[in-house]
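Please open the model in your viewer and keep the selection tool at hand. The stops below are meant to be followed in order.

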Amino acid sequence: MRLFQKFFFRLQAQTSHGLHSPSVFKLYTEVINPILQKKISTKIKTDELIQGISQFYAMVIDLGEVFPLVIPHLSPEIYQQIDQDLIPKAQANSIIFILNPHESTLSQDIWDTLVEDPRIIHSIDLFDMGILRFNQLASKQHFMLKKS
């Protein structure tokens, strides 16, 4: 099942070509793709992505300090906490990293619900990691990105 999901994801996901958001283009070309290209363990790659993306938003987007939150897996209980506690308190400089949003049908359904939530402005799907942002000044967008 997961292999089929990854194949389908790769068909839909894009690289830098066709990215219409200048900030996401810059994030992809300067941070995400260079880390995805590295031949390192998944754990180290995940840690580098979280750190690199957080630093990017802190410096390049000029948010000053970024507050990242890493969620290792999705469940109904965790979704309830995200929906009722985290999202209402989220600021423009809050980022939620969700690891393995496609690990099961249930987590996939929860991820899809989060992506559709109007309070979440930017969502980026890297298949093995999902990124949620809350900048109310931007228009709602969802990106599916893969390594080039």
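A residue is called buried when its relative accessible area is under 20%, exposed when that area is over 50%, and partly exposed in between, as computed with a 1.4 Å probe on protein chains only. This is a predicted model, in which local features need pLDDT of at least 70 and side-chain atom pairs count only at pLDDT 80 or more, while totals for chains, interfaces and linings use all residues. Residues are numbered from 1 along each chain as its sequence is written, and side-chain values use heavy atoms, with hydrogens and water left out.

Begin by selecting Phe56, which is buried at a relative accessible area of 4%, and add Tyr57, also buried, at 2%. The structure holds one aromatic pair, and these two residues form it, edge-to-face, with 5.4 Å from centre to centre and 75° between the planes. For such pairs, the rings of Phe, Tyr and Trp (its six-membered ring) must have centres within 6.5 Å, and planes under 30 degrees apart count as stacked, over 60 as edge-to-face and the rest as tilted. Now add Arg133, whose charged end sits over the ring of Tyr57 at 3.9 Å from its centre; the criterion is NZ of Lys or CZ of Arg within 6 Å of the ring centre and within 35 degrees of the ring normal.

Next, select strand E2, residues 94-99, where six of six residues are buried. Helices (H or I, at least four residues) and strands (E, at least two) are DSSP runs numbered from the N terminus. Ser94, Ile96 and Ile98 lie on one side of E2, with Ile95, Phe97 and Leu99 on the other, so that both faces are covered. Strand E1, residues 67-71, pairs with E2 in the parallel sense over five bridges, and strand E4, residues 129-133, pairs with E2 in the antiparallel sense, also over five bridges; pairing requires that DSSP finds at least two bridges between the strands. To see the registers, look for Leu69 opposite Ile96 and for Gly130 in E4 as the bridge partner of Ile98.

Finally, move to Asp83 in helix H4, a residue that is partly exposed at 23% relative accessible area. Beyond its neighbours within four places in sequence, Asp83 is in contact (heavy atoms within 4.5 Å) with Pro88, Asp117 and Arg119. The C-alpha atoms of Asp83 and Asp117 are separated by 9.2 Å, although their positions lie 34 residues apart along the chain.
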